[in-house]
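Thanks for coming. I have one structure to go through this morning, so let me put it on the screen and start.

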Amino acid sequence: LWRLGRYDQARLELAESLEITNQPGTNYKNLRAEIELSHAQIAFSEQRLGQARIRAEQALKLAGTQYKQVIVSANNTLCLAKVFSGSVREGITHCETALKIARDAGDTGLLTRTILALAIATLESDQADKALQLALEAQERAGLAGQKESLWRASVVSAQAQRRLGDTSKAQAQMVQAEKTLTELRGLLGEFAESYLARREI
């Protein structure tokens, strides 16, 4: 729900899930880690970066070494929260850690999102060449898998990197691709398109 910009409803459902994990005799460590991760992602989406860092770190503690998808996603969130808070080098380290794990996790969508997160982080660190390489990889993967959201965002990052590298024609071509994909994404989202696009981190 939070990915659609429906934060309040998402928080209510997370609270209900947390109540289940707190029942005596239950062992829902993975669910608790996922709940904490969702809170971190919501906080980042709302640009509450300090809270995003705290919740992502807690998600990592709960995940331990077992829950690879939570570990990867929490590191991605921690990476971007730190990068946009000014701790760029420290943040990128988390994205690099996430990418190493994601390449062996067997989740193609997660891997694409992780490559994209590192592309965004490296672009913020003024490494336009590396950011472009990563964004193009994410773009190719997303296109082959039909992942419209990742394809749109990767196209935007590619355009931004091309622009910083001084190639305005390629940057413009990427933005044309991004606009085309966004139109398709709007169609898929239907009534939730506006709330999705209202997310502050997009």
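In helix 2, the buried residues are Ala33, Ile35, Glu36, Leu37, Ser38, His39, Ala40, Gln41, Ile42, Ala43, Phe44 and Ser45. Buried here means under 20% relative accessible area, exposed means over 50%, and partly exposed is in between, with a 1.4 Å probe and protein chains only. Before going further, the provenance: this is a predicted model, where local features need pLDDT of at least 70 and side-chain atom pairs count only at pLDDT 80 or more, while totals for chains, interfaces and linings use all residues. Residues are numbered from 1 along each chain as its sequence is written, and side-chain values use heavy atoms, with hydrogens and water left out.

Back to helix 2. Because 12 of its 17 residues are buried, helix 2 is largely enclosed by the rest of the structure. Helices are DSSP runs of H or I with at least four residues, numbered from the N terminus. Helix 2 covers residues 29-45 and reaches 24 Å from its first C-alpha to its last, close to the 24 Å expected at 1.5 Å a residue; the expected span is 1.5 Å times one less than the number of residues. What do its buried residues pack against? They pack against helix 1 (7-21), helix 3 (49-63) and helix 4 (68-83), with contact meaning heavy atoms within 4.5 Å.

Just after helix 2 comes Gln47, in the loop between helix 2 and helix 3. Gln47 has a positive phi of about 65 degrees although it is not a glycine. At 28% relative accessibility, Gln47 counts as partly exposed. Asp126 is another non-glycine residue with a positive phi, near 65 degrees. Asp126 sits in the loop between helix 6 and helix 7, and at 64% relative accessibility it counts as exposed.

Next, the cores. A nonpolar core is a set of buried Ala, Val, Leu, Ile, Met, Phe, Trp, Tyr and Cys residues joined through side-chain atoms within 4.5 Å. Which residues have the most contacts inside the largest one? They are Leu80, Ala121 and Val157, in a core of 32 residues. Helix 2, helix 3, helix 4, helix 5 (88-102), helix 6, helix 7 and helix 8 each supply at least two residues of this core. Helix 6 gives the most, with 10 residues. Apart from this core lies another, of 8 residues, including Leu37, Ala59, Leu62 and Ile71. Val157 touches Leu116, Ala119, Ile120, Leu123 and Ala135, leaving out residues up to four places away in sequence.

Now helix 8 and what surrounds it. Ser158 is in helix 8, and at 0% relative accessibility Ser158 counts as buried. Beyond four places in sequence, Ser158 is in contact with Leu132, Ala135, Leu136, Gln139 and Gln174. Gln139 belongs to helix 7 (residues 128-145) and is buried, with a relative accessible area of 12%. With the same sequence neighbours left out, Gln139 touches Leu151, Ala154, Ser155, Ser158, Gln174 and Gln177.

Leu151 lies in helix 8 (residues 148-164) and is buried, at a relative accessible area of 11%. Its contacts more than four places away are Gln139, Ala142, Gly143, Gln177 and Thr181. Leu151 and Leu116 are 35 residues apart along the chain, and their C-alpha atoms are separated by 9.5 Å.

Arg153 is also in helix 8. Not counting neighbours within four places in sequence, Arg153 is in contact with Leu116, Tyr196, Arg199, Glu201 and Ile202.

Arg153 leads to the last item, the largest pocket. A pocket is found on a 1 Å grid over the protein atoms alone, as an open set of points where a 1.4 Å probe fits, with protein on both sides within 12 Å along at least five of seven lines; lining residues have an atom within 4 Å of a point. The largest pocket holds about 1000 Å³ of space, where volume is the space filled by probe spheres set on the points, and points are joined across faces, edges and corners. Of the 41 residues that line it, the closest to its centre are Trp2, Arg3, Leu80, Arg113 and Arg153. The largest share of the lining, 9 residues, comes from helix 2.
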